[in-house]
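Thanks for coming, everyone. Please look at the screen, and I will walk you through one protein.

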Amino acid sequence: MLNLKTFTYLHRAVCLSKPPLPSSFPPPILPRRFLPLRLAVAGATSSSVSTFSSSSTANISPISVVEHVVLFKVRDSTDPSLTEAMIANLRSLTSLGIASYLTAGPILRRRSSAAEAFGFTHLLFSRYSSKNDLATYSAHPSHLAVVKENVLPICDDIMAVDWIAEVDVDAAPLPGSLVRLTLAKPQVGTAAAELVKAIDGIRGTVPDSVQVSYGENFSPARAKGYEFGFISAFPGLDEAEAIEGNEEVEKQKEKVRPLLESAVVLDYLVPSPVSCI
């Protein structure tokens with residue numbers, strides 16, 4: 001059944017830059033520290049909005065961003081060169097100058113029964129300053145060309161989720177960071193505010209070095225009924241594994257389990273500069 005080693009560890013992967021050519025993908029120069037996020041859920045009341053702060057971020061004005069996650073199931077019989085071309089062309093979309101960051105690549109591991117059942121193989125994660133920017137990216141001829149020529153011919157399935165978060169700092173994880181993604185389908189009758197409250201409890205047990213974003217999906221057409229997206233960005237694989245089995249974390253996850261019908265949980269390792277080429 002459902003493996004909920006999920007709700008605190010969803011992470012954003014970013015092999016980010018805006019290269020002039022698909023093959024040019026230098027890493028961003030960013031500080032190693034990840035700051036906690038102040039998060040908003042669409043339709044939630046002020047009492048159900050997650051707010052995380054620390055002494056180092058209390059005076060920082062939050063930045064509203066749009067998170068966009070797409071999962072791909074590449075056909076088993078696909079020639080590896082075609083898969084590589086898909087990833088290279090997806091990464092090249094940073095050159096459009098619309099996304100504040102974008103990363104794409106193979107999924108490291110599937111962590112839940114729902115993820116195994118779907119069999120997704122690759123992930124794209126990107127961030128935008130507004131819904132309008134996301135819409136511009138989605139409708140851009142270059143994006144449509146990549147989808148038509150490189151994605152659809154080799155993929156058996158695609159799933160996409162979008163949500164809004166208010167972040168204290170719009171920073172991208174460095175290469176080598178671990179992104180843990182969870183897409184959640186609540187039980188019928190579960191209110192958004194109830195789920196947010198439960199997730200807030202988990203977030204309180206996670207170190208400040210983990211950057212967290214979550215929210216209610218506002219693009220249901222390709223989400224297969226999954227209404228919430230969660231991302232946790234760990235500085236690395238070791239940090240993600242170190243929190244496994246933490247007693248306090250497990251207590252908080254017990255409060256979330258009854259609220260969910262299903263969860264897709266995946267890990268993604270942000271590629272190194274070499275692997276971005």
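A term before we start. A residue is buried when its relative accessible area is under 20%, and exposed when that area is over 50%. Keep in mind that this is a predicted model.

Let's use those words on helix H7, residues 247-256. Which residues of H7 are buried? They are Val249, Gln252, Lys253 and Val256. These four cover an arc of only 105° around the axis, which puts them on the same side of H7. Now turn to the other side of H7. There, Glu247 and Lys255 are exposed.

Next, the overall picture. The protein has seven helices and nine strands. Of its 277 residues, 52% are buried. The accessible surface is about 11,400 Å². Carbon and sulfur atoms hold 55% of that surface. Now take the contacts in the protein with a separation of 6 or more. Residues 24 or more positions apart account for 85% of them.

How far can we trust the model? The mean pLDDT of the protein is 77, and 74% of its residues reach 70 or more. Over residues 1-58, though, the pLDDT is below 50. Beyond near neighbours in sequence, that stretch still has 210 contacts in the model. Where pLDDT is low, the predicted coordinates should not be read in detail. Helix H4, residues 141-151, has the highest confidence, at 98. Confidence is lowest in helix H5, residues 192-203, at a mean of 75.

On to the strands. Strands of a sheet pair through backbone hydrogen bonds, either parallel or antiparallel. One open sheet here has four strands, in the order E2-E4-E1-E5, and the pairing is antiparallel. Why do E2 and E5 each have one side without a neighbour in the sheet? E2 (101-106) and E5 (155-167) stand at the edges, each with a single partner strand, so one side of each is left free of a neighbour there. Neighbouring strands of this sheet are turned by 10° against each other on average, direction ignored.

Look at E1, residues 63-74, beside E5. These two pair in the antiparallel sense over 12 bridges. As one example, Val66 has Ile164 in E5 as its bridge partner. Helix H1, residues 80-91, packs on this sheet. H1 touches E1, E2, E4 (122-128) and E5. The direction of H1 makes about 170° with that of E2.

Now strand E6, residues 178-186. Nine of its nine residues are buried, so E6 is largely enclosed by the rest of the structure. In a regular strand the side chains alternate between the two faces of the sheet. In E6, both faces are covered. Leu178, Arg180, Thr182, Ala184 and Pro186 are buried on one side. Val179, Leu181, Leu183 and Lys185 are buried on the other.

Which strands pair with E6? E8, residues 228-234, pairs with E6 in the antiparallel sense over seven bridges. Thr182 stands opposite Phe230 in E8. E9, residues 260-269, runs antiparallel to E6 and is joined to it by nine bridges. In E9, Leu260 is the bridge partner of Pro186.

Last stop, Lys224. Most residues other than glycine have a negative phi. Lys224 is not a glycine, yet its phi is positive, about 55°. Where does Lys224 lie? Find the loop between strand E7 (211-216) and E8. Lys224 counts as partly exposed, because its relative accessibility is 32%.

How values were computed. Residues are numbered from 1 along each chain as its sequence is written. This is a predicted model: local features need pLDDT of at least 70, side-chain atom pairs count only at pLDDT 80 or more; totals for chains, interfaces and linings use all residues. Side-chain values use heavy atoms; hydrogens and water are left out. Buried means under 20% relative accessible area, exposed over 50%, partly exposed in between (1.4 Å probe, protein chains only). The arc is that of the directions from the helix axis to the C-beta atoms. Two strands pair if DSSP finds at least two bridges between them. Axes are lines fitted to C-alpha atoms, for helices over the stretch in contact, and angles run from 0 to 180 degrees between N-to-C directions. Contact means heavy atoms within 4.5 Å. pLDDT is the predictor's confidence in each residue, from 0 to 100. Accessible areas come from the Shrake-Rupley method with a 1.4 Å probe; for residues, only the protein chains shown count as cover.
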